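Good morning, everyone. Please have a look at the chain on the screen, and then I will walk you through it.

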Amino acid sequence: MRNSAMAGRDITCRGLSKTFSGSPPVDALAPVDITFRAGQTTALVGPSGCGKSTLLRLVAGLETPTKGTVMIGEETPKDLAHRGGIGMAFQDASLLPWRSVHSNVALALQLAKQADNNKAVDRLIGLVGLDGFADARPAALSGGMRQRVAIARCLVTSPELILLDEPFGAVDELTRARLGSELPPLWRERGTTAILVTHSISEAVTLSDRVIVLSPRPAHVIADIAITGRTPADIESSKDAVTRVLTAAA
Ligand SMILES: Nc1ncnc2c1ncn2[C@@H]1O[C@H](COP(=O)(O)OP(=O)(O)OP(=O)(O)O)[C@@H](O)[C@H]1O
């Protein structure tokens with residue numbers, strides 16, 4: 001696997017806003033200035049419909065800003081995505097049903113124009129706990145297993161940046177907790193920068209180094225909370241801090 005993730009760079013959003021045209025137009029994102037730190041996992045939380053996914057899609061280069069910029073070092077998100085530097089996993093996993101688990105993961109390498117690497121694909125399938133399922137089709141997997149495949153697919157290109165939009169959303173609480181504790185070490189140990197959108201305050205606090213709380217639409221940053229301690233008491237106090245801000249903003 002390439003080691004590009006170790007040379008991570010900050011992701012800088014400056015005066016970034018998005019208005020969707022229509023009648024009436026929808027202001028999804030107020031101008032925001034955020035720097036996502038290299039190698040950190042940052043969670044974005046906020047009320048439903050506030051603009052979290054829009055911000056993530058702008059960072060992915062899937063939407064064009066109305067105003068402002070997103071830069072990863074000297075690169076735009078589109079440039080970075082084009083060379084396989086961004087891995088994405090969304091709630092619906094979006095696997096190709098006619099392809100096996102192995103082939104779904106390997107596809108990310110082909111799309112990023114990277115060399116086939118069966119060893120890396122097999123290793124990641126093992127790391128996400130799907131040994132023995134490499135030849136299975138998505139229909140034969142549970143929702144949690146499909147989401148593990150999506151995470152493996154998102155990591156196989158050794159991206160510098162991963163974007164996760166409710167990646168554990170479609171699974172039960174227990175599986176969600178297990179995925180939440182098993183998978184982040186996979187990207188942390190590579191030095192990957194991660195941005196996670198979640199509705200779960202608990203998930204935001206336990207998975208991240210930092211939680212950014214967004215206002216109701218159009219989203220702007222109302223709190224930026226560093227998650228420092230990892231003891232149960234620290235986690236509870238971080239959860240309280242995030243909850244207080246969210247409740248005050250509602
Ligand atoms: N392509 C689009 N065209 C028009 N409006 C859009 C588009 N995408 C999103 N929106 C609108 O922008 C606003 C923000 O949507 P977004 O999906 O970013 O919110 P969110 O915070 O991720 O929501 P949720 O928490 O419910 O998933 C919403 O009002 C949504 O309807």
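I will start with the ground rules, go on to the core and the helices, and end with a few backbone details.

This is a predicted model: local features need pLDDT of at least 70, side-chain atom pairs count only at pLDDT 80 or more, and totals for chains, interfaces and linings use all residues. Residues are numbered from 1 along each chain as its sequence is written.

Some vocabulary comes next. A residue is buried if 20 or more other C-beta atoms lie within 10 Å of its own, exposed if 12 or fewer, and partly exposed in between, with C-beta atoms placed from the backbone. Two residues are in contact if those backbone-placed C-beta atoms lie within 7 Å. Helices (H or I, at least four residues) and strands (E, at least two) are DSSP runs, numbered from the N terminus.

Now the core. In soluble globular proteins, nonpolar side chains tend to be buried together. A nonpolar core here is a set of buried Ala, Val, Leu, Ile, Met, Phe, Trp, Tyr and Cys residues joined through C-beta atoms within 7 Å. How many residues does the largest one have? It has 67. Those with the most contacts inside it are Val 59, Val 105, Leu 124, Ala 152, Val 156, Leu 163 and Val 211. Helix 5, residues 143-155, gives the most to this core, with 7 residues.

Take Leu 163 from that list. Set aside its neighbours within four places in sequence. Leu 163 is then in contact with Leu 56, Val 59, Ala 60, Ile 86, Met 88 and Ile 195.

Leu 56, Val 59 and Ala 60 take us to helix 1, where these three are among the buried residues. Helix 1 covers residues 52-60, and 9 of the 9 are buried, so it is largely enclosed by the rest of the structure. Lys 52 and Arg 57 are buried there too. Right after helix 1 comes Gly 61, with a positive phi near 80 degrees.

On to helix packing. Two packed helices are described by the angle between their axes and the distance between the axes. Axes are lines fitted to C-alpha atoms, for helices over the stretch in contact, and angles run from 0 to 180 degrees between N-to-C directions. Angles under 35 degrees count as roughly parallel, over 145 as roughly antiparallel, 65 to 115 as roughly perpendicular and the rest as oblique.

Helix 3, residues 101-111, packs on helix 5 at about 30 degrees, with the axes 7 Å apart. The two helices are therefore roughly parallel. From helix 3, Val 101, Asn 104, Val 105 and Ala 108 make the contact; from helix 5, Val 149, Ala 152 and Arg 153 do. By class, that contact has 5 nonpolar, 1 polar and 1 charged residues. For those classes, Ala, Val, Leu, Ile, Met, Phe, Trp, Tyr, Cys and Pro count as nonpolar, Asp, Glu, Lys and Arg as charged, and the others, Gly among them, as polar.

What about helix 4, residues 118-127? The axes of helix 3 and helix 4 come within 10 Å and cross at roughly 120 degrees. This pair is therefore oblique. Val 101, His 102, Val 105 and Ala 106 of helix 3 meet Val 121, Leu 124 and Ile 125 of helix 4. That contact divides into 6 nonpolar, 1 polar and no charged residues. The buried residues of helix 3 pack against both helix 4 and helix 5.

Last, the backbone. Most residues other than glycine have a negative phi, and most peptide bonds are trans. Lys 113 has a positive phi near 55 degrees. Lys 113 sits in the loop between helix 3 and helix 4. Is Lys 113 buried or exposed? With 10 C-beta neighbours inside 10 Å, Lys 113 counts as exposed. Ser 158 also has a positive phi, near 50 degrees. The place of Ser 158 is the loop between helix 5 and strand 6. With 22 C-beta neighbours inside 10 Å, Ser 158 counts as buried.

Where are the cis bonds? One runs from Ser 23 to Pro 24, with omega near 0 degrees. Pro 24 is in the loop between strand 1 and strand 2. Another runs from Arg 217 to Pro 218, with omega near -5 degrees. Pro 218 lies in the loop between strand 8 and strand 9.
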